[in-house]
Amino acid sequence: MAFYADKDYTQDQEVLEKMNQVMAGNLGLGWYDARTEKIKGRPRDLRRGLTYQDLDIGSYGYSKIPEFIRDNQSMVARGSEKVGKLPDMGYVLNRKSDVWSDNVTTLYEEAKSRRWAPAVDVPWTELDRNPLPHELEAACAQLYTFLQECALVSMDFPSRWVPLVNQDLIELKSFMCAQMLDGSRLLEAFRKRALYGGAGLGRASVSAEQGLKEWLWADTYPQGSVSINLSLAGLLLAVYRHVAAFAPSRVDRRLMGYAMQDAARQVSYGLGALRYHLRHQPAQAAAMNQYLDDTEHVILALLGSPELLEPLIIISGGGLEREQVKAGRLATAKLIRLAVREYLERLEAAGLSGRPGNSRIPQAIERIQVEA
Amino acid sequence: MAVSFPSVEYFEALREKMAAHQDKFQRLGFIDTTFGVSVANNGKSRSFILEFEVYELKSVREVPSVDPRQVDFVLVGDSRVWREMIENIRRNGEADTSHDINTLAHLGEQLKIVYDSPDGHDKLYRFMESIQEFFDLTSQVDVSFNQ
Amino acid sequence: MAYLATRNFLEDKDFVDKWLYTIRTGELDLSWMKSATEKVKPHEANPRRGLTYRDLDIGNYGFSALPEKVRENRSYAPRGAEIPAGVPDSQPWVSRKSELWAFNTESYYEEAVSRQWNATTDIPWDRLESAELPETIGKALSQLMTFLTEVEMIATDTPAMWLPRLNPDFIEVKAFIAAQAMDEARHTEVFRKRALTTGWGLMQASPMNEMALKHLRDADSFSEMSVALHLVAEGNVLTMFRFSEYLSPTDVDKKIFRLVMQDEARHVGYGMQHFKYVLEHFPEKREVLHAHLDEAENISFAGAAATELTESFIILAGGGLKRENIEEGIRITTIFNLKQMQEHFERLEKCGMPERKERSKLYMMYEMGKAAAEAAGIRV
């Protein structure tokens with residue numbers, strides 16, 4: 001085991017004596033006059049309840065978190081008085097601009113407020129009353145198999161990093177927890193949808209999984225966040241919107257409606273985090289550009305995966321008839337262009353200017369335009 | 001009495017219905033966005049700005065035109081498209097899968113989404129279910145078309 | 001770079017050409033349509049519950065069919081999908097079912113999703129405007145909340161750390177952990193919010209309890225982590241929440257403790273069911289878990305010496321700092337301390353480790369404490 005207590009406390013006279021003193025009524029009250037700021041937070045808007053924004057006050061506020069957190073490696077709550085020997089929890093994300101986004105508290109409150117439950121919020125049994133034609137249901141099963149792979153990675157990403165984020169960044173850590181739940185809920189919903197339709201699961205995607213692992217295993221949080229929170233989530237947001245727009249059933253439309261809300265929150269954070277990062281560490285822009293040069297091929301690994309592309313074409317066209325496939329491939333080509341355009345827009349808005357010129361993705365997309 | 005579309009009265013009527021269905025909107029969660037709606041007819045447009053806050057439509061006003069920099073996004077479309085959507089909602093009690101906001105706006109072929117910043121654009125999707133439920137309240141309002 | 005895909009897809013001509021060809025011609029390969037996967041048709045067993053994970057426990061998609069050792073899937077593929085050659089290894093550390101499974105895992109997850117609450121809107125914060133507490137009580141409450149704020153996030157960090165290490169076939173356990181992480185974030189939030197609405201702000205950190213947090217975080221295996229976190233630590237905290245609800249000075253505080261109690265009971269429930277499962281299905285692990293419990297109980301005992309917590313508890317329990325308040329506070333706190341230990345051993349016994357009492361130093365301390373309490377006229 002990596003950590004043992006420094007002694008056997010059941011045999012330690014000092015500890016036993018301390019406990020006995022307190023339980024004999026001799027309170028030391030060393031904490032009673034804690035040297036901390038005395039405040040009384042209250043909700044600014046009762047309809048909204050008491051938000052984290054309401055408590056952005058004095059030494060307790062997130063606005064006061066310094067760029068470099070040098071004085072806390074323990075789990076002490078930000079703003080409380082530190083005493084005694086506190087352990088080092090081994091955080092590696094101690095720089096605010098590596099993880100923070102100005103909208104993170106808003107997004108955390110929004111995530112809680114806009115919670116949903118796949119078990120009951122999707123009208124599953126409508127699929128019994130209105131089953132889809134075989135080829136459409138098979139396409140859905142494949143699509144939702146693919147989306148489960150993506151949701152799993154979206155859930156793993158914040159899980160990998162949250163224990164490494166300094167405890168002072170509590171609002172951000174909380175948002176990462178909300179992301180974990182969002183990821184798990186989408187995984188659940190997609191699995192339920194795939195199996196409920198009766199076609200079983202489809203095939204895992206080699207190209208997508210190879211790409212997803214490259215993104216998930218990024219060396220640093222800012223890089224991983226751009227890949228997972230901005231690139232992947234942005235692309236999935238476009239796919240969710242697309243499937244909702246061409247939804248073969250009300251079940252799919254409703255499901256995608258919820259999915260797009262969760263994904264849009266993730267994208268908003270991803271964009272905000274990159275913006276904050278570059279604003280406070282402008283020298284990182286070059287490194288980030290280089291990282292994107294190296295890893296943007298994953299966008300193609302996802303969009304070009306037959307396990308995504310083909311079901312999208314079938315769903316967009318409504319079936320496998322010649323005209324349906326034609327309509328489907330044209331709509332899917334538009335989706336791909338839309339997803340890439342929005343991806344580049346977000347990078348630009350985050351402060352990574354000139355990306356359209358550097359990126360090789362637009363050239364690939366140009367070829368689609370011509371081909372389609 | 002029927003309210004005409006497009007008009008401030010139409011959105012006010014939806015606002016009242018929204019207030020009357022607070023349970024539903026609270027269940028869906030906070031909705032904090034300000035967006036524009038623009039309805040074009042014969043080369044002219046009527047534009048509105050809708051400001052949502054917490055669970056409510058806080059205000060609606062008609063404006064000569066919507067500056068995308070002042071709002072999160074603008075839903076722009078021909079009156080024919082809007083009318084078809086409204087009639088569909090009134091017929092079905094809610095928009096069917098071909099007439100919801102996302103479907104109409106997705107590829108920009110019926111409604112267009114105009115925005116200045118991707119942050120604002122993404123809010124359409126962050127609050128999509130609430131926005132759709134808001135428009136679906138049209139099923140409870142008598143609407144006439146004045147264009 | 002920590003991982004590089006086996007190909008750069010932008011430079012993979014065959015891949016790009018096939019993609020473009022598909023879009024240009026609409027000639028679909030459709031080989032995925034022939035996936036050798038099972039066709040099933042789940043139903044909602046109870047429409048009021050909707051479609052649950054238990055409803056999907058069918059054929060080889062189901063959790064019941066999970067083998068003790070997952071050998072076939074190490075990728076990101078969902079359980080039951082066709083897995084082609086070439087998918088990457090997700091590098092799971094835990095691929096043995098008995099190392100993480102709990103009876104009813106899927107139900108704990110569904111319950112968690114269904115019973116999500118919101119610390120911002122589900123607590124009647126506005127009522128605090130008219131709830132002015134005496135200084136002693138306000139400070140004691142703030143100190144208790146400071147402690148709880150400090151410890152809750154460990155129950156996020158620790159299981160979260162394990163989540164990506166679990167084989168993706170264990171979807172339901174991963175989902176449960178994700179839900180737990182959110183529960184704990186909400187607990188941290190609600191306690192922080194309450195501390196910052198007392199008028200006294202946060203109070204003092206607890207070094208003794210911080211050591212316990214470090215211990216929780218650094219377990220060697222998921223099972224050991226779970227026994228220390230879900231059973232020992234959260235079991236103790238659950239007892240504390242029940243007492244805190246009883247001692248709450250306002251109805252707002254009562255509401256807070258009732259809500260967090262629900263979540264905590266779920267986590268303890270998972271911990272118990274996992275402990276039972278691992279003892280039944282992986283008997284060789286028993287000694288390892290005993291050894292881990294030796295450490296966990298030592299640290300749990302040390303927690304009682306965290307005077308900033310005990311003292312604030314005494315004050316809240318007794319209602320103030322006068323002599324008679326303190327006496328009453330000590331009486332209740334003694335009951336609380338003993339109850340925590342008693343319930344801990346009851347849980348272990350119920351899960352199939354009745355012999356724990358014989359080797360546990362904590363149990364010895366419990367018996368001594370109980371005898372002393374009874375001698376002082378305190379009945380547990």
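The exercises below work through a predicted model, taking its confidence, one chain contact, its largest cavity and some backbone details in turn.

Residues are numbered from 1 along each chain as its sequence is written, while chains are lettered from A in the order in which they are written. Local features need pLDDT of at least 70 and side-chain atom pairs count only at pLDDT 80 or more, whereas totals for chains, interfaces and linings use all residues, and side-chain values use heavy atoms, with hydrogens and water left out.

**Exercise 1. Find which elements of chain C have the lowest and the highest mean pLDDT.**

Solution. Begin with the chain as a whole: chain C averages a pLDDT (the predictor's confidence in each residue, from 0 to 100) of 95, and 100% of its residues score at least 70. Then go through the elements, where helices are DSSP runs of H or I with at least four residues and strands are runs of E with at least two. Helix α6 (residues 207–217) of chain C has the lowest mean, 88, and helix α5 (residues 171–195) of chain C the highest, 97.

**Exercise 2. Describe the contact between chain A and chain C, and explain why the pair R367(A) and D17(C) joins two chains.**

Solution. Counting contacts as heavy atoms within 4.5 Å, chain A and chain C each contribute 150 residues. Next, take the buried area, the accessible area (1.4 Å probe) lost on putting the two parts together and summed over both; this is about 13,000 Å², with 66% of it on carbon and sulfur atoms. Finally, count salt bridges (a side-chain nitrogen of Lys or Arg within 4 Å of a carboxyl oxygen of Asp or Glu), of which there are 12 between these chains. In one of them, R367(A) pairs with D17(C), the closest N and O atoms being 3.9 Å apart. R367(A) lies in helix α15 (residues 361–371) of chain A and D17(C) in helix α1 (residues 13–25) of chain C, so the pair joins two chains.

**Exercise 3. Work out which element gives the most to the lining of the largest cavity.**

Solution. The lining includes R250(A), R253(A), R254(A), E129(B) and D136(B). At least two lining residues come from each of α9 (250–280) of chain A and α6 (128–136) of chain B, and α6(B) gives the most, with four residues.

**Exercise 4. Locate the cis peptide bond and the loop that holds its proline.**

Solution. A cis peptide bond joins F5(B) and P6(B), with omega about -5°. P6(B) lies in the loop between β1 (3–5) and α1 (8–20) of chain B.

Methods:
1 Å grid on protein atoms, 1.4 Å probe; cavity = no way out; pocket = protein on both sides within 12 Å on 5 of 7 lines; lining within 4 Å.
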